[in-house]
Amino acid sequence: MDFIRIIIAILLPPLGVFLQVGFAGAFWLNILLTLCGYIPGIVHAVYIIAKR
């Protein structure tokens, strides 16, 4: 299941984080990072998914 979440996180980083943590602070941080740059959003999303 984590492999699928990582693939989703690469395509749509906020969706991958949402599937992992819901509407927690990490989700909103990921939206902000994705808006600032796509790559920081991906890195953060993969980190959140790999950490849990």
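## Helix packing exercises

The axes of α2 and α3 come within 9 Å and cross at roughly 175 degrees. This is a predicted model, where local features need pLDDT of at least 70 and side-chain atom pairs count only at pLDDT 80 or more, while totals for chains, interfaces and linings use all residues. Residues are numbered from 1 along each chain as its sequence is written, and side-chain values use heavy atoms, without hydrogens and water.

**Exercise 1.** State how α2 is oriented relative to α3, and which residues meet.

*Step 1.* The crossing angle is roughly 175 degrees, which makes α2 roughly antiparallel to α3 (angles over 145 degrees count as roughly antiparallel).

*Step 2.* With contact meaning heavy atoms within 4.5 Å, P13, P14, V17, F18 and V21 of α2 meet A26, F27, N30, I31 and T34 of α3.

*Step 3.* The residues of this contact divide into eight nonpolar, two polar and no charged (Ala, Val, Leu, Ile, Met, Phe, Trp, Tyr, Cys and Pro count as nonpolar, Asp, Glu, Lys and Arg as charged, the others as polar).

**Exercise 2.** Compare the expected span of α4 with the distance between its end C-alpha atoms.

*Step 1.* Helix α4 covers residues 38–51, which is 14 residues. The expected span is 1.5 Å times one less than the number of residues, so α4 should span 20 Å.

*Step 2.* The end C-alpha atoms of α4 are 20 Å apart, which agrees.

**Exercise 3.** Find the buried residues of α4 and name helices that cover them.

*Step 1.* G41, I42, H44, A45, I48 and I49 are buried (under 20% relative accessible area, 1.4 Å probe, protein chains only).

*Step 2.* Their cover includes α1 (2–11), α2 (13–21) and α3 (25–36).

Terms used. Helix = DSSP H or I, 4+ residues; strand = E, 2+ residues; numbered from the N terminus. Buried < 20%, exposed > 50% of the residue type's maximum accessible area, 1.4 Å probe, protein only. Axes fitted to C-alpha atoms, helices over the stretch in contact; angles between N-to-C directions. Parallel < 35°, antiparallel > 145°, perpendicular 65-115°, else oblique.
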